Amino acid sequence: MTVSTENGRECSRVWEAMPSVVMGTATREQDTWVHAHLADCDNCREEFTQQERLRHAMALPSDVHLDANAGLKRLLTRLDAPAEETVRVRTSSWLTRALVAAVLVQALGLGALALRLHGERPAYRTLSQVSAPVAAGAIHVVPDATMALADWNALLQAHHLQVVGGPNEAGAYTLVSTDPASPPDQLLRELRASRGIRFAEPVMRTP
Amino acid sequence: MRDPENDTEATDRLLLQRMAAGDRVALTVLYRSYHDRLCRFLSRLTRRPDIIEEVINDCFWIAWQKAGGFHGDSRVSTWIMGIAYRCGLKALRQHGSEPVDEDTIPESMIPSHDPDDDRELRDWLGKGMDRLSVDQRVVVELVYGVGHSLDDVAVIMQCPVGTVKARLFHARVKLRNVLPGLAGEPHRARESAT
């Protein structure tokens, strides 16, 4: 198409419009315009004729003959097969089996770890938990602020007492007797009577 | 769109709806309706007669599975040809794109119709198509064989319309240069057709 520029532009547009004209999908205006151009342009007329021949050749029956019914039968058989295929894939896949085994081992390990942790007493106590267990016969004792440490130690030794807790916010110590033969009531009376002891009461155990 | 096309489209959509509900009779009707054009399209795309049935069945397997997801964004024929195109490309990746030796094609696949008149035209076309790339062959088949618009071809091939135009243009230039001229007219190279 080595023609004048103006005609060249029109040839390009005709060239682009040819497929739709050849296939019969062009608008009436487009069809009329293309055929008017073809009447005056040998190049485009030749191309158009070749385009029509191409369309005719493309419309020939397929070079390959396939039996649609046979193909359809195989497709319908395939539609019924996916469940079996899935099962087969699941049972035959070594990778899947290895993954399942790994998950089981992990589950067993986690279970064993949980059992072990459950048997250990934690080093903390939450607010929802009951109070820490208190030894039987424990006594809360509040010494006077002016009591000397030596006097406090002497008192504990004299009554075979041991500090197991405290002081708490009220300044009370929790004491237990290391002498099982010492009567609790008598111990309380003696403590209350001791100089420098402001308070001595048995610890009330929670039910 | 002409009335017959509208009727065909309405029928195809109804068939798809029934397929989505598990109606195998609808699948059978649609399969037979598209079999010939898919066979021809895939023979041009793959040039592998030995894998065409497999690709057609892959295509309808997907259509069966996804019929309920068709929302009418395109024509049913465009949707199905798009699936067939992607299945064909996948088959080419798996089986290779080299044309099979004709001697290895089962006799049952060789068409019974081949009058001498057609043979000349087939040979003429075959010489040209052999020089085209896969994408160019697909565009030529979809436009001149199936009759899709360039917009439809763009949807099928999932590319811009401009790309389709470029592929068609280059395919036509190649065919014009390669194919022998019509009777009585000498063939001339015309690469300046822009």
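Two residues are taken to be in contact when their C-beta atoms, placed from the backbone, lie within 7 Å. The legends below describe a predicted model.

**Figure 1. Fold of chain A in the predicted model.** Residues 24 or more positions apart account for 57% of the chain A contacts that have a separation of 6 or more. Chain A contains 8 helices and 4 strands, arranged along the sequence as α-α-α-α-α-α-β-α-β-β-α-β. Of its 207 residues, 16% are counted as buried.

**Figure 2. Confidence along chain A, with helix 2 and helix 5 as the two extremes.** The mean pLDDT of chain A is 81, and 81% of the residues score at least 70. Among the elements of this chain, helix 2 (residues 28-40) has the highest mean pLDDT, 93, whereas helix 5 (residues 82-92) has the lowest, 50. Over residues 86-91 of chain A the pLDDT falls below 50, and this stretch has 1 contact in the model beyond near neighbours in sequence. Where pLDDT is low, the predicted coordinates should not be read in detail.

**Figure 3. Fold of chain B, a chain of 8 helices and 0 strands.** From the N terminus on, the order of elements is α-α-α-α-α-α-α-α. Buried residues constitute 37% of the 194 residues in chain B. Of the contacts in chain B between residues at least 6 apart in sequence, 65% link residues at least 24 apart.

**Figure 4. The contact of chain A with chain B, viewed from the residues that form it.** Chain B contributes 42 residues and chain A contributes 33 residues. On the side of chain B that touches chain A, two or more residues come from each of helix 2 (24-46), helix 3 (49-66), helix 5 (116-129), helix 6 (134-146) and helix 8 (161-178) of chain B. Helix 2 of chain B supplies the largest share of this side, 9 residues. Divided by class, the side of chain B that touches chain A holds 20 nonpolar, 11 polar and 11 charged residues.

**Figure 5. Close-up of helix 3 of chain A against helix 6 of chain B.** The axes of helix 3 (residues 42-58) of chain A and helix 6 of chain B come within 8 Å and cross at roughly 90°; the two helices are therefore roughly perpendicular to each other. Helix 3 of chain A makes the contact through A:Leu54, A:Arg55 and A:Met58, and helix 6 of chain B through B:Glu141, B:Tyr144 and B:Gly145. These contact residues comprise 3 nonpolar, 1 polar and 2 charged.

**Figure 6. Close-up of helix 4 and helix 7 within chain B.** The axes of helix 4 (residues 76-95) and helix 7 (residues 150-157) of chain B come within 8 Å and cross at roughly 45°. Helix 4 of chain B and helix 7 of chain B are therefore oblique to each other, and the crossing is right-handed. From helix 4 of chain B, B:Thr78, B:Met81, B:Gly82 and B:Tyr85 meet B:Asp152, B:Val155, B:Ile156 and B:Met157 of helix 7 of chain B. By class, the residues of this contact are 5 nonpolar, 2 polar and 1 charged.

**Figure 7. Surroundings of B:Asp130, in the loop between helix 5 and helix 6 of chain B.** B:Asp130 has 11 other C-beta atoms within 10 Å and is therefore exposed, the cut-off for this class being 12 or fewer. B:Asp130 and B:Leu175 lie 45 residues apart in sequence, with a C-alpha to C-alpha distance of 9.8 Å in space.

Note on methods
Residues numbered from 1 in each chain as written. Chains lettered and ligands numbered in written order. Predicted model: local features only at pLDDT ≥ 70, side-chain atom pairs only at ≥ 80, totals over all residues. Nonpolar A, V, L, I, M, F, W, Y, C, P; charged D, E, K, R; others polar. Axes fitted to C-alpha atoms, helices over the stretch in contact; angles between N-to-C directions. Parallel < 35°, antiparallel > 145°, perpendicular 65-115°, else oblique. Left-handed = near helix turned anticlockwise from the far one by under 90°. pLDDT = per-residue confidence, 0-100. Buried ≥ 20, exposed ≤ 12 C-beta atoms within 10 Å, placed from the backbone.
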